Amino acid sequence: MERPVRKIYDDQLKTLEGMHAKLGFATAAMIENSFQALKTIDHTAAQTVIDSDHEINSLEKDIERYVMRIIARQQPIGTDLRMILSVFASSSDLERVADHATSIAKGVKRVDSLAPFDPIMEDVFAIGEIAKNMIGQAIDAFSQHNVERAKEIAAMDDEVDAAFKELVDQTLAIMQSNPEAIPSGSAINAILHDIERIADYATNLCERVIYTEDADIVNLND
């Protein structure tokens, strides 16, 4: 007995959401692993993160193909169409987040010593943790169709932005007083920029939750 067309369609939407969640949590794991490598200056672990980026690229392409398949066969409208378009757009953003995790790992390989930056590293790791959590929580909010939670997560970006600016200034000050720390400091500065962008992409994902549920295009980065 053939399954009803609507049941097949609903199953396809659930599959797509599952693929999206898998991509999101795999990306969050890359961020976590890149920071673990930084904490111990583990170049081997950093290379493992770099090597895993192709898996994220593959997942993103799988979602792209699946989205095209659903649109072509089901011609979705309304909330379903908005969800599908949001998955498509945010999957591209998550792939870019993975690129930033890769960039962090590459930065680890340029760091000789964190010792000169001991006064600020706890704060660096703290905003990295916030950015990572924003990605994971935004994925949860997307899966749960939770608009209010999405807004709360996006508000966390302000904390990251403020800390980012202060930490960049502190990094530059350490480099100016200790020229031998410039190579490592330059890498840490780049890592801070990666963290700031990761939080921005998490905010973008929160905007997609609102668009999907309320058909409202908002900018939560303001």
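A search through the whole of this predicted model turns up 2 cavities of 30 Å³ or more. The roomier one, the largest cavity, holds about 70 Å³ of space. Its walls are built from I31, E32, F35, Q36, K39, F125, G128, E129 and K132. Two elements, helix 1 (5–40) and helix 4 (118–144), each give two or more residues to this lining, and helix 1 gives the most, with 5 residues. Sorted by class, the lining of the largest cavity comes out as 3 nonpolar, 2 polar and 4 charged residues.

The second largest cavity has a volume of about 40 Å³. Around this space sit M83, F142, H145, R208, V209, T212 and E213. Here helix 7 supplies the largest share of the lining, 4 residues. The class split for the second largest cavity is 3 nonpolar, 2 polar and 2 charged residues.

Helix 7 also turns up in the helix packing. Two packed helices are described by the angle between their axes and the distance between the axes. For helix 6 and helix 7 (residues 182–214), the axes come within 10 Å and cross at roughly 170°. With angles over 145 degrees counted as roughly antiparallel, helix 6 and helix 7 are therefore roughly antiparallel to each other. On the helix 6 side, the contact is made by D157, V160, D161, F164, L167, V168, T171, L172 and M175. Helix 7 answers with I182, G185, S186, I188, N189, L192, H193, I195, E196, A199, D200 and T203. Taken by class, the residues of this contact fall into 11 nonpolar, 6 polar and 4 charged.

Helix 6 has another partner in helix 5. Helix 5 (residues 147–155) and helix 6 (residues 157–177) pack at an angle of about 10°, and their axes lie 4 Å apart. That angle makes helix 5 roughly parallel to helix 6, since the cut-off for roughly parallel is under 35 degrees. The residues that meet are I153, A154 and A155 from helix 5 and D157, D158 and E159 from helix 6. By class, this contact has 3 nonpolar and 3 charged residues, with no polar ones. D157 of helix 6 appears in the contact with helix 5 and again in the contact with helix 7.

Notes:
Residues numbered from 1 in each chain as written. Predicted model: local features only at pLDDT ≥ 70, side-chain atom pairs only at ≥ 80, totals over all residues. Heavy atoms only, no water. Axes fitted to C-alpha atoms, helices over the stretch in contact; angles between N-to-C directions. Parallel < 35°, antiparallel > 145°, perpendicular 65-115°, else oblique. Contact = heavy atoms within 4.5 Å. Nonpolar A, V, L, I, M, F, W, Y, C, P; charged D, E, K, R; others polar. 1 Å grid on protein atoms, 1.4 Å probe; cavity = no way out; pocket = protein on both sides within 12 Å on 5 of 7 lines; lining within 4 Å. Points joined across faces, edges and corners; volume = space filled by probe spheres on them.
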